[in-house]
Amino acid sequence: MTELTSKAAGVFVIAVTPFYPDGRIDLESCDRMVDFYLQAGATGLTVLGMMGEAPKLTVEESREVVARILARVQGRVPVVVGVSAPGFAQIGALTRMVMDLGAAGVMVAPPGSLRTDEQIISYYRQIAELIGDVPFVLQDFPLVTGVQIAPSVIARIVNELPRCVCLKHEDWPGLEKISYLRQQGVLERPLSILCGNGGLFLPEEMRRGADGAMTGFAYPEMMVSVVAHHARGYDARGRDIFDAYLPLARFEQQPGLGLAIRKYTLAKRGIIAHDALRKPGAVLSAQSRAEVDALIERQERRLKELQ
């Protein structure tokens with residue numbers, strides 16, 4: 001097992017969960033998807049995240065998906081599994097299950113009921129006690145959870161709980177939060193910061209001190225390229241590549257439709273067999289599909305110009 005550490009960097013792609021049109025899980029597409037992500041340069045994978053339709057899966061299905069992906073990865077990169085749930089019993093059971101299967105760590109978002117700083121800190125203290133030696137990612141996603149976590153609160157959690165090794169930074173865009181955490185003396189130990197938001201702010205996030213991305217986009221090679229160019233000191237070139245993909249990345253971030261757009265694009269690329277979402281889920285109109293097609297065509301033209 002490859003354990004998640006505070007050195008996590010690069011691109012941890014948030015994997016979709018492929019389905020057949022009748023709602024069954026498409027495990028063969030899981031295999032192709034893993035192969036594609038790794039070939040694209042992913043340094044890790046995150047499964048059963050909010051964009052992985054995790055709440056629509058039974059516990060048995062969750063196990064099946066995680067086991068299939070881990071078997072395909074074969075330890076080449078760390079795999080993080082989302083275990084966020086309303087109650088600790090489910091979080092504990094999911095954590096034990098996925099770690100026994102060979103996951104590198106788990107990701108936990110705060111429940112929407114948390115309102116004060118002390119409630120948030122207490123919650124993660126209890127999470128750390130519950131999962132023991134398992135390394136975990138603190139998912140900061142206020143647009144979905146409704147929980148506003150101040151950067152000073154994140155610092156307190158990290159400094160107090162050594163198994164919190166990574167922050168999934170998914171504020172909108174929350175760039176000052178990254179800058180605060182990277183100030184000398186704020187954190188008493190290293191912390192990996194991987195950013196979400198579909199990669200929309202990735203160039204700025206990298207300049208603020210992020211270590212990479214933990215998010216989904218139908219073209220993860222864009223994020224891999226931006227991170228790699230930043231690491232080599234070629235920010236301008238990375239920005240040019242980012243700009244070529246930006247119209248589609250923006251279109252994919254539509255609330256309620258984003259996952260349907262991502263799956264349509266992945267299916268169009270031959271990575272998954274079907275663009276189906278398990279019900280309830282959005283269905284793209286013919287006009288939306290045509291708009292995606294036009295954006296991809298425009299993107300390909302621009303990328304050729306950059307070669």
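Here is a short conversation about this predicted model.

Visitor: What should I know about how the values were obtained, and which pLDDT do local features need?
Guide: Residues are numbered from 1 along each chain as its sequence is written, and side-chain values use heavy atoms, with hydrogens and water left out. In this predicted model, totals for chains, interfaces and linings use all residues, side-chain atom pairs count only at pLDDT 80 or more, and local features need pLDDT of at least 70.

Visitor: In what order do the eight strands close into a barrel?
Guide: Strands, like helices, are DSSP runs numbered from the N terminus (H or I, at least four residues, for helices; E, at least two, for strands). Two strands pair if DSSP finds at least two bridges between them, and here the pairing is parallel. The barrel order is E1-E2-E3-E4-E5-E6-E7-E8.

Visitor: Which residue in E7 is the bridge partner of Cys 166?
Guide: Strand E6 (residues 164-169) and strand E7 (residues 192-195) run parallel and are joined by four bridges. For Cys 166, the partner in E7 is Ser 192.

Visitor: How many residues does the largest nonpolar core have?
Guide: A nonpolar core is a set of buried Ala, Val, Leu, Ile, Met, Phe, Trp, Tyr and Cys residues joined through side-chain atoms within 4.5 Å. Buried means under 20% relative accessible area, exposed over 50%, and partly exposed in between (1.4 Å probe, protein chains only). Leu 45 and Tyr 124 are among the residues with the most contacts inside the largest core, whose residues number 98.

Visitor: Why are the buried residues of H4 on the same side, and what arc do they cover?
Guide: The buried residues of H4 (residues 117-131) include Ile 120, Tyr 124 and Ile 131. An α-helix has 3.6 residues a turn, so residues three or four places apart point the same way. The arc, taken from the directions from the helix axis to the C-beta atoms, puts the buried residues on the same side of H4 because it is only 155°.

Visitor: Which residue follows H4?
Guide: The buried residues of H4 pack against helix H3 (88-101), strand E4 (105-108), strand E5 (136-140) and helix H6 (151-160). After H4 comes a residue whose phi is positive, near 65°: Gly 132.

Visitor: Is Arg 262 buried or exposed?
Guide: Arg 262 lies in helix H11 (residues 258-268). Leaving aside neighbours within four places in sequence, Arg 262 is in contact (heavy atoms within 4.5 Å) with residues including Val 16, Met 51 and Glu 252. Because its relative accessibility is 3%, Arg 262 counts as buried.

Definitions and conventions: Expected span 1.5 Å × (residues − 1).
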